[in-house]
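Work through the exercises below with the coordinates open. Each task is followed by a solution in steps.

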Amino acid sequence: MTTTIDAPPAAGTAARIREHVVNLCAGPEGGHLGGSMSLAEILATLYTRVLRVDPLDPAFPGRDVLLLSKGHGGLALYAALTEAGFFPAERLAEYGRPGGEFMAHPHAEIPGVEMPSGSLGHGLALAVGFGLGFRLDGADRRCFVVMGDGELQEGSVWEAASVAAAQRLDTLVAIVDRNRLQITGATETIDALEPLADRWSAFGWTVRQVDGHSCEELEAALTEPPTPGRPTVVIAHTVKGKGLPFVEDQPRSHYAKLGERQHAKALAALRRGAAS
Amino acid sequence: MTASSREVYRDAVLDLLPQDDRLVCLDSDTGLFDAAAFPERYVNLGIAEHTLMGAAAGLAKSGRMPLVNTMAAFASSRANEAVKIDIALNNLPVRIAATHSGVSAGHLGPTHHALEDLAVMRTLPNMTVVVPADGPQTGTLFRQSLRVNGPVYLRLGRNATPELPEAPPVTLGLAQVLRDGADVTLAACGPYPVLAALDAADALADEGVRASVLNVHTVKPLDVATIAAHAQRSGVVVTVEEHWRNAGFGAAVAESLAEITPSLVLRVAMPDAFVPVSGGQRYLAERGGVTSAAVAAKARSALGRSPR
């Protein structure tokens with residue numbers, strides 16, 4: 001996958017994604033804070049350096065497909081889409097407001113959202129269908145599926161993982177946001193996922209592991225050609241709530257409604273992080 | 001006896017695949033298709049019904065029209081969330097060919113019976129629900145279903161069932177009027193229920209009671225206009241279905257008519273119980289009370305209680 005030399009640096013986009021997410025979590029409904037913050041570099045890298053998409057023509061036939069299977073990362077997706085130019089940032093004010101189209105989980109009416117999500121464990125099966133379609137079309141397209149690590153406790157993920165490998169869908173790339181937390185605690189104490197890389201390998205996938213907050217590592221892993229005949233999973237090691245020291249790596253970051261003081265504190269923390 | 005509706009469906013698919021490159025047959029190891037018959041656009045995904053439905057949605061979103069095969073029990077219950085969220089919510093043109101519906105799985109037992117599928121599928125927005133009453137109309141309705149924009153649930157049986165003795169042209173979305181009589185309306189859905197309604201109409205005719213018989217092969221959208229026209233004239237409707245009595249076809253008729261016309265709606269359906277014994281489709285349906293005698297008895301009892 002090539003990128004144009006004038007593509008914006010992903011790290012700057014990631015910082016702006018975090019700011020949008022914090023602002024949205026200070027809105028009337030609050031929002032899924034922690035799992036959106038852990039996604040910032042993943043989505044920033046995809047939209048600035050990897051995906052072949054066109055914000056002026058979101059449905060163009062040769063586009064790459066991004067499925068946010070962890071639908072509770074919707075705020076980060078909205079932020080990434082507005083940063084990529086799919087809709088003006090003013091539309092984010094619709095989030096959580098009566099009659100607005102921006103819900104906590106992405107809805108397909110939002111420009112750039114391919115499929116709605118929210119119920120976990122659906123993205124990989126959808127991707128199997130896209131992969132079969134790309135093969136039938138002889139199309140040079142790829143499908144990226146962003147999943148949460150807690151989501152991997154859903155059996156449907158492994159059903160689809162098995163089918164994807166059996167169908168030799170090498171246009172399919174899964175990205176696991178491995179922040180190691182779910183609503184009530186650590187994934188490893190609730191329903192352990194480790195040895196996670198071995199699990200994916202055993203299912204017939206090529207496994208790449210990266211620092212999920214390094215745009216350079218993500219770009220390298222997401223642009224490297226696949227092993228022919230094998231789907232690829234990128235396990236992105238991340239921190240839930242990344243960028244906000246007062247909630248980082250804490251389960252309570254999962255959903256938050258930031259009050260005025262917390263909002264200011266969060267924005268200040270992001271500015272300090274950007275300056276460091 | 002004709003071929004079973006699933007075999008008619010299979011033959012129609014094999015006929016249509018080479019003619020229409022939008023069509024892709026997605027199978028779940030049902031054994032209905034010979035994989036070698038059309039390898040380019042036939043994919044066996046294995047025993048993975050959630051993935052089957054999700055993949056159908058992804059494939060539809062990439063421009064194809066997937067034809068999905070599984071058993072009705074798995075399509076409607078096991079894979080229901082994928083049908084709801086991935087297919088129906090996106091209003092995608094997936095055709096779900098659900099075989100072994102009702103008690104047509106017979107001795108395979110309650111795990112393989114689908115007596116809830118009409119209830120499940122007709123409550124999903126965007127879903128069209130079609131129940132052919134015999135082999136020939138399975139082919140016709142399946143071909144017509146390719147012109148529907150959104151998803152279609154095609155309720156098929158495992159076994160060969162008799163061809164309807166009298167069959168005017170069938171049109172998806174319109175109830176097929178097999179008999180026209182002013183005294184009582186018999187509205188049926190599915191092979192043996194329609195035959196039971198016809199037999200009951202014959203028995204009632206011998207007693208001087210004139211019955212309409214409607215083959216309501218499209219459960220959603222329901223042809224309320226035709227059903228209501230007959231109901232308004234007779235005041236009495238007996239529904240017949242191979243489905244649990246709750247929330248199925250008879251319930252759909254009753255809830256629609258309740259808002260339009262005062263008419264008595266009596267349901268002949270499978271009782272609110274799992275089927276605890278072995279047996280063939282016809283045996284199990286009759287054991288559940290889905291018989292021509294039950295239809296005629298309901299009609300007789302209702303005629304004395306009609307609001308007309």
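## Exercise 1: The sheet of chain B

Val236(B) stands opposite Leu264(B), a residue of strand 12 of chain B. The model is a predicted one.

**Task.** Starting from this pair, work out how strand 11 and strand 12 of chain B are joined, and place them in their sheet.

**Solution.**
1. Strand 11 covers residues 236-244 of chain B. Strand 11 and strand 12 of chain B run parallel, joined by 6 bridges.
2. The sheet is open and has 5 strands, in the order 7-9-8-11-12 of chain B. Its pairing is mixed.
3. Look at the edges. Strand 7 (176-179) and strand 12 (264-270) of chain B each pair on one side only.
4. From one strand to the next, the twist averages 25°.

**Task.** Which strands of chain B does helix 7 lie across, and which does helix 9 lie across?

**Solution.**
1. Helix 7 (residues 191-206) of chain B lies across strand 7, strand 8 (184-189), strand 9 (211-215) and strand 11. Its direction is at about 160° to strand 8 of chain B.
2. Helix 9 (residues 249-257) of chain B lies across strand 8, strand 11 and strand 12. Here the angle is about 145°, taken to strand 11 of chain B.

## Exercise 2: Two domains, two chains

**Task.** Describe how domain 1 and domain 2 of chain B touch.

**Solution.**
1. Set the bounds: domain 1 of chain B is 5-155, and domain 2 is 176-303. These bounds come from an automatic or database domain assignment.
2. Between the C-alpha centres of domain 1 and domain 2 of chain B lie 26 Å.
3. Count the contacts. Domain 1 of chain B brings 22 residues and domain 2 of chain B brings 26.
4. On the domain 1 side, helix 5 (117-122), strand 5 (128-130) and helix 6 (135-145) of chain B each supply at least two residues.
5. Sort that side of domain 1 of chain B by class: 12 nonpolar, 7 polar and 3 charged residues.

**Task.** How many residues does each chain give to the contact between chain A and chain B, and which helix of chain B gives the most?

**Solution.**
1. Chain B gives 23 residues and chain A gives 20.
2. Helix 2 (49-61) and helix 4 (80-88) of chain B each supply at least two residues of the chain B side.
3. Helix 2 of chain B gives the most to that side, with 9 residues.
4. By class, the chain B side holds 11 nonpolar, 8 polar and 4 charged residues.

## Exercise 3: Helices of chain A

**Task.** Check the length of helix 1 of chain A against 1.5 Å a residue.

**Solution.**
1. Helix 1 of chain A has 16 residues, 10-25.
2. The expected span is 1.5 Å times one less than the number of residues, so helix 1 of chain A should span 22 Å.
3. The end C-alpha atoms of helix 1 of chain A are 23 Å apart, which agrees.

**Task.** What do the buried residues of helix 1 of chain A pack against?

**Solution.**
1. The buried residues of helix 1 of chain A include Ala10(A), Thr13(A), Ala14(A), Ile17(A) and Val21(A).
2. These buried residues pack against helix 2 (34-37), helix 3 (40-50), helix 4 (74-84), helix 9 (215-223) and helix 10 (260-275) of chain A.
3. Take helix 3 of chain A: 11 of its 11 residues are buried. Among them are Glu41(A), Tyr47(A) and Arg49(A).

## Exercise 4: Backbone exceptions

**Task.** Find where the cis peptide bonds to Pro195(A) and Pro221(B) lie.

**Solution.**
1. Recall the norm: most residues other than glycine have a negative phi, and most peptide bonds are trans.
2. Glu194(A) and Pro195(A) are joined by a cis bond with omega about 0°. Pro195(A) sits in the loop between helix 7 (187-190) and helix 8 (196-202) of chain A.
3. The bond from Lys220(B) to Pro221(B) is also cis, with omega near -5°. Pro221(B) sits in the loop between strand 10 (218-220) and helix 8 (224-234) of chain B.

**Task.** Asp249(A) and Asp29(B) have positive phi. Where does each lie, and how is each classed by burial?

**Solution.**
1. Phi of Asp249(A) is near 60°. Asp249(A) is in the loop between strand 7 (232-237) and helix 10 of chain A.
2. Asp249(A) has 17 other C-beta atoms within 10 Å, so it is partly exposed.
3. Phi of Asp29(B) is about 60°. Asp29(B) is in the loop between strand 1 (23-27) and strand 2 (42-44) of chain B.
4. Asp29(B) has 14 C-beta neighbours inside 10 Å, so it too counts as partly exposed.

Technical notes
Residues numbered from 1 in each chain as written. Chains lettered and ligands numbered in written order. Predicted model: local features only at pLDDT ≥ 70, side-chain atom pairs only at ≥ 80, totals over all residues. Helix = DSSP H or I, 4+ residues; strand = E, 2+ residues; numbered from the N terminus. Buried ≥ 20, exposed ≤ 12 C-beta atoms within 10 Å, placed from the backbone. Contact = placed C-beta atoms within 7 Å. Nonpolar A, V, L, I, M, F, W, Y, C, P; charged D, E, K, R; others polar. Pairing = 2+ DSSP bridges. Axes fitted to C-alpha atoms, helices over the stretch in contact; angles between N-to-C directions.
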